[in-house]
Amino acid sequence: MATGRTHRPATRSRGIPEATVARLPLYLRALTALSERSVPTVSSEELATAAGVNSAKLRKDFSYLGSYGTRGVGYDVEYLVYQISRELGLTQDWPVVIVGIGNLGAALANYGGFASRGFRVAALIDADPAMAGKMVAGMPVRHTDELEAIIEDNGVSIGVIATPAGAAQQVSERLIAAGVTSILNFAPTVLSVPEGVDVRKVDLSIELQILAFHEQRKAGEGAAAAAEELTGPATGTGAAPAAAVVPPAGRAAAAARKGGPEGDVPAVMPA
């Protein structure tokens, strides 16, 4: 079986936009779920809904793959699974090392979805001598002194960094010097890497902060809606209600028509 070192995805050479590449895993996840339910074909609308995109964007993305579906039938699910997997390089073996086996690194090591998606965890690596030899996810943790040899022996081109922020840059430099050309960074810091090295950053605190922003906005919209129910909708830029103030002469005339004192008549009338 080929390793990731010798076979790299052809997406860039074929001119597939990065935005499309970023959506391909979403399509693959939705298609895999359909395949597991033995669904033979799917329309662009159904697949777009499952992937969380609009159907026009999906059809445009698939056109880069040379897949246009069949009018009135849709897309062949199994063929699309193969086509996208091939485009993402998932039809081959990609050995991966995880560096930093704390709580997060151990959780990543225990993730069961790597193998079914074309990735093989080749080694778990940690700088703590006390961790060396400990079993995590059925694998012995190895010391960082072995990092370069592990990468060379396994043909590793993808490294996962789950170290504290202060150690991440040095780890990335060692990975790159040893031949790693793609890094998934979970450390809460920005890595400086040379041209030709791809870095994907996963910062859980930033994602939570973005969610907090949306929650705050929803709470504000809810409060505004509640206030509107109590006071009625505001108009224009001022605080005046959507009604015209009746001048004194008008109020007197209205009072005369009603046959009562001016004080018994509302001070406003519908606009």
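Okay, let's start with the parts list: the protein chain has nine helices and eleven strands. Those are DSSP runs, H or I with at least four residues for a helix and E with at least two for a strand, numbered from the N terminus. Keep in mind that this is a predicted model, where local features need pLDDT of at least 70 and side-chain atom pairs count only at pLDDT 80 or more, while totals for chains, interfaces and linings use all residues. Residues are numbered from 1 along each chain as its sequence is written, and side-chain values use heavy atoms, with hydrogens and water left out.

How much of the chain is buried? Of its 271 residues, 34% are, where buried means under 20% relative accessible area, exposed over 50%, and partly exposed in between, with a 1.4 Å probe and protein chains only.

Now the sheet. It's an open one with seven strands in the order β5-β6-β4-β3-β7-β8-β9, and the pairing is mixed. At the edges sit β5 (135–136) and β9 (198–201), each pairing on one side only. To count as a pair, two strands need at least two bridges between them in DSSP. β5 has two bridges to β6 (residues 139–143), and these strands run antiparallel. One bridge matches M135 with P140 in β6.

What packs on this sheet? Helix α6 (residues 147–154) does, touching β3 (94–99), β4 (119–126) and β6, at about 165° to the direction of β4. Then α7 lies across β3, β7 (158–161) and β8 (182–185), at about 170° to β7. Those angles run from 0 to 180 degrees between N-to-C directions, using axes fitted to C-alpha atoms, for helices over the stretch in contact.

Let's zoom in on S172, which belongs to α7 (residues 165–178). Why is S172 called buried? Because its relative accessibility is 0%. Skipping neighbours within four places in sequence, S172 contacts I161, I183 and L191; contact means heavy atoms within 4.5 Å.

Over to α4 (residues 77–87), where the buried residues are V77, L80, V81, Q83, I84, S85 and E87. They pack against α1 (18–36), β1 (41–42), α2 (44–51), α3 (55–64) and β2 (75–76). At the start of α4, a side-chain oxygen of D76 comes within 3.2 Å of the backbone nitrogen of E78. After α4 comes G89, with a positive phi near 80°.

Last stop, α8 (residues 204–231): 28 residues, spanning 41 Å from first C-alpha to last, close to the 40 Å expected at 1.5 Å a residue. That expectation is 1.5 Å times one less than the number of residues. Just after α8, G232 has a positive phi of about 90°.

Terms used
A polar contact is a pair of N or O atoms within 3.5 Å; within protein, one must be able to donate a hydrogen and the other to accept it, and residues adjacent in sequence count only if both atoms are side-chain atoms.
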